[in-house]
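Good morning, and thank you for making time for this item. I shall go through one structure, beginning with a single residue and ending with the contact between the chains.

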Amino acid sequence: MADAEEHHLIQSKHKAINALLPYAVLQEFGGKTGILDAFLHVARASKMPKFEWHHAREYASTMFSKASLHTIILVSPHIYWGLLTERRDLVQQWAAAISAVPYTEEVAQSVVGTLLQIAYYSQLLPHIPTDIWSWLNKRPSLPPTCEGRYYGTRLPVAKAVLELKDIEILKSYFLLVWSEWDHLKDSVFDESCASIHEHFNEPWGGWHREELIQHLDHILTQLDQGLEHLQQHNPNLEEYHFQRMKDQYRKLKDTLLEVVTGVSCLIIILHCILTQWTCAGSHTRFMCALPPPCP
Amino acid sequence: MVASVFIINIQSQLQPDTGEETTALLRVLIYKIDNTSFGTDTPTLPQWTGPPHSIVQVQALLYASLASSFLSAFLAMLGKQWLNQYASTDMRGTAIERSQNRQRKLDGIIAWYFNYVMELLPLIMQAALLLLGCALSRYLWGVNITVASVVIGITSFGIFLYLFIITAGTISGSCPYQTPGSHALHYLWPQAKKILHSTTLSVASALGDGFRGSETRKVIRKNVSYHEPWQYRREIVPFFRDMIFELPRALAIDVYHLGKVMTWSLHTFAVGAYHLSSTTAISLVSYLHGSPSTLERGVDWQLAVLDLRCISWMLQTSLDKTIHLATFKHLAAMTELANFDPTLAKDCFKAFVSCIDIKYHEVVVIRGLEELAAVSAMCIFSTISHLLVMDPTSSVLEEVHQDYLKVFPAQANFRDNYFYYTMNALQGLYFQSWTRQGFHWNGYKPSLHEHAIAAQNFVKISWFKYQGIQGKVPCFVLRFALHSLSLDPLPSTPVIANCLLIIAIDLGCDVSDIIFGNR
């Protein structure tokens with residue numbers, strides 16, 4: 001109850017808190033980080049999908065010009081990039097800051113959160129350096145209400161990741177955006193199913209599939225605990241989304257299991273062929289490397 | 001002088017008449033020599049029993065008239081002295097200090113009802129004239145009625161004319177024949193009318209009820225119906241007999257009830273009159289001595305109040321734009337707008353409107369009046385926002401709002417003017433919103449002073465709105481804070497402090513000590 005009250009209180013005061021952001025950045029420029037730390041703390045605790053007050057984004061360039069690199073990264077997820085699509089320079093500044101800041105879990109959360117937001121906008125996407133996508137592989141734990149993950153479940157981001165043609169990044173992307181906190185858009189769900197069939201069907205990709213299945217199992221376990229349990233952490237969850245998530249993640253797991261079955265059958269067939277052709281010694285070695293037969 | 005002549009003329013009649021006494025003595029001497037001279041009459045010495053009663057009355061009236069004339073002359077001389085003292089420049093210093101001194105004197109004149117005292121002079125003279133007329137009429141009545149009639153006629157005409165003038169002055173404010181009497185009646189009449197109206201209504205309803213339930217009426221009706229037809233010989237005797245027996249009791253009951261009604265009505269009237277007199281007395285006392293809180297607030301506050309009255313007076317009496325500019329600058333520099341006359345906001349608005357012209361929704365400043373327009377705009381904003389906080393029910397707020405809507409069309413554009421930001425802020429106050437343009441100064445940056453005034457007033461508005469039913473600071477004020485705090489370089493420290501206060505207020509911090517405690 002106290003948590004819900006706190007959430008509502010922060011929600012009702014988010015304009016005032018956001019009004020402090022440019023000043024906090026300017027103060028940080030002067031060496032005083034107190035207000036900025038307080039702002040980031042409240043923003044994280046807000047559990048609001050959009051903590052940002054849309055008027056505050058008008059001052060993003062002022063903030064980026066004065067903020068430290070570390071601050072640029074931490075503040076970026078709280079900026080609504082939708083109205084900054086003309087500001088490629090801001091993306092470049094952000095990308096430059098990433099390469100200069102040492103890794104921490106907090107930094108990784110912010111980078112990934114911002115990356116998924118920026119990638120959603122076609123005007124900004126080309127200005128994201130390719131190497132930044134590798135930050136997805138760090139797989140930071142995104143908070144239950146995360147603007148980045150919300151945008152990550154949209155088709156433009158999914159396509160952008162697929163176009164990278166990097167199985168590791170794709171897996172990391174799925175592991176980040178598949179969660180008990182967000183349902184997938186229908187188009188993204190279809191794309192995910194297709195990509196599972198397309199990219200995760202190699203016989204040697206067993207540990208990728210295993211990791212994804214484990215992740216989906218975890219999500220389904222969480223979903224089985226009920227909506228109320230999840231709403232304690234994300235008050236914005238609704239019954240409709242909850243049911244959709246259950247269906248979607250169950251289907252995704254089924255898809256993955258289908259792929260695993262298909263791959264296993266293929267391997268058995270291969271195994272039979274190879275058994276006829278190879279000697280007993282080499283056969284034994286080969287069998288040890290095979291995945292377990294399908295149930 | 002005229003009274004003196006009459007007094008001298010009639011004065012002899014207040015003493016024994018020596019001529020008459022000599023005549024009486026001669027008659028006695030003649031009678032002693034020849035007692036047949038006067039027939040059977042025996043002359044006696046007359047005894048002085050005092051002047052005739054009518055002469056005493058006449059002389060009293062004449063002396064009263066003379067004394068009144070002297071008193072008015074005395075007051076006239078004193079008044080001349082007082083006015084000389086008021087008009088004298090008895091202080092050296094800056095224009096502001098001298099204005100304060102003059103305003104202090106003016107306030108004293110108002111507080112001590114100097115104008116009423118001065119208006120007493122003609123009143124005393126009029127009273128002296130009336131007394132002279134009465135005395136003459138009375139005196140001449142004893143001498144010759146025809147001559148007296150002329151004087152009485154003219155005096156009565158004068159009295160009726162004066163009463164008519166008072167009535168006309170009371171009824172119509174635009175009547176040129178205003179007198180102190182009509183002023184007093186004009187003030188008291190509406191309240192007296194209310195009391196009279198309520199008393200009359202209650203008396204009328206009580207009398208109506210009393211008449212309908214009257215015992216006398218019942219007795220008469222009963223006897224009339226009982227002895228029907230009572231006018232016939234057979235019935236008339238028992239009819240009157242019964243009436244004689246029953247009427248006194250019925251009359252006594254009715255008189256008792258009537259007495260109760262009259263007592264109650266008198267009580268109502270007395271309560272109303274007491275209320276009227278007490279409110280008048282309280283307002284008089286508070287005006288003369290100021291409210292207790294005035295004394296507690298200290299010299300600075302009193303000086304601020306004095307300054308604001310001085311500013312109001314200057315704006316209302318001067319047409320000189322240079323004086324207006326200096327006055328507005330002083331007003332804009334004031335941090336404490338304590339207890340000001342709400343009409344000051346209207347004066348500021350009028351002054352601002354006199355500096356501008358509107359062409360196709362574009363607000364254009366008249367050449368040479370740019371500074372005055374900018375400063376007066378700031379003053380409008382300050383006074384309006386202060387009123388919104390301190391006296392949100394003030395009718396002046398609505399009046400200025402209506403004037404604003406009349407003067408400025410809906411699409412009025414203040415762009416490219418020095419008061420662009422301030423007028424946007426004023427719009428924000430009135431319409432509880434802020435246009436997008438309000439934050440994008442488009443090359444125009446508000447002066448430090450303009451910015452500071454806006455911040456200062458927005459803090460008060462935030463506090464007021466937060467304390468109200470909304471429980472939150474208006475969005476447009478938060479936008480102002482956001483914008484101000486994002487400026488690079490940052491605005492002045494007071495502006496930053498006030499913007500942080502705005503945010504603190506919205507976050508629910510108790511900052512009343514900081515806002516109202518001058519911390």
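**Notes on a two-chain model**

At 22% relative accessibility, B:Tyr113 counts as partly exposed, where buried means under 20% relative accessible area, exposed over 50%, and partly exposed in between, with a 1.4 Å probe and protein chains only. B:Tyr113 is placed in the loop between helix H4 (95-111) and helix H5 (114-143) of chain B; helices (H or I, at least four residues) and strands (E, at least two) are DSSP runs, numbered from the N terminus. Although B:Tyr113 is not a glycine, its phi is positive, about 55 degrees.

Before I continue, a word on conventions. This is a predicted model, in which local features need pLDDT of at least 70 and side-chain atom pairs count only at pLDDT 80 or more, while totals for chains, interfaces and linings use all residues. Residues are numbered from 1 along each chain as its sequence is written, chains are lettered from A and ligands numbered from 1 in the order in which they are written, and side-chain values use heavy atoms, with hydrogens and water left out.

Let me turn to chain A. Chain A has 16 helices and zero strands. Of its 295 residues, 49% are buried. Contact here means heavy atoms within 4.5 Å. Among contacts in chain A between residues at least 6 apart in sequence, 76% join residues at least 24 apart.

Two buried positions illustrate the packing of this chain. A:Val188, in helix H12 (residues 186-199) of chain A, is buried, with a relative accessible area of 1%. Leaving aside neighbours within four places in sequence, A:Val188 is in contact with A:Thr153, A:Arg154, A:Leu155, A:Ala158 and A:Tyr173. For one of these partners, A:Ala158, the C-alpha atom is separated from that of A:Val188 by 6.6 Å, with the two positions 30 residues apart along the chain count. A:Ser110 belongs to helix H8 (residues 105-119) of chain A and is buried at 8% relative accessibility. Not counting residues up to four places away in sequence, A:Ser110 touches A:Ile73, A:Leu74 and A:Pro77.

Next, the charged pairs. A salt bridge is a side-chain nitrogen of Lys or Arg within 4 Å of a carboxyl oxygen of Asp or Glu, and by this rule there are 15 over all chains. In one of them, the side chains of A:Glu211 and A:Arg139 meet at 2.6 Å, N to O. This pair links distant parts of the chain, 72 residues apart: A:Glu211 is in helix H13 (residues 206-224) of chain A, and A:Arg139 in the loop between H8 and H9 of chain A. A:Glu211 is partly exposed at 26%, and A:Arg139 is partly exposed at 27%. A:Arg139 also has a positive phi, near 45 degrees, in a residue other than glycine.

A second salt bridge joins A:Lys171 and A:Glu168 at 3.4 Å, N to O. Both residues lie in helix H11 (residues 167-177) of chain A, three residues apart, about one turn of the helix. Is A:Lys171 buried or exposed? At 2% relative accessibility, A:Lys171 counts as buried, whereas A:Glu168 is partly exposed, at 30%. A:Arg139, A:Glu168, A:Lys171 and A:Glu211 are linked in a network of salt bridges.

Chain B offers a further pair: the side chains of B:Glu246 and B:Lys222 meet in a salt bridge of 3.1 Å, N to O. B:Glu246 in helix H9 (residues 233-289) and B:Lys222 in helix H8 (residues 215-226) of chain B are 24 residues apart, and the pair links distant parts of the chain.

Finally, the interface. How many residues does each chain bring to the contact? Chain B gives 19 residues and chain A gives 17. Together they bury about 1,700 Å², 70% of it on carbon and sulfur atoms; buried area is the accessible area (1.4 Å probe) that two parts lose on being put together, summed over both. One salt bridge is counted between chain B and chain A, in which A:Lys13 and B:Asp506 meet at 3.8 Å, N to O. On the side of chain B that touches chain A, the elements giving two or more residues are helix H18 (475-485) and helix H19 (493-506) of chain B. H18(B) supplies the largest share, six residues.
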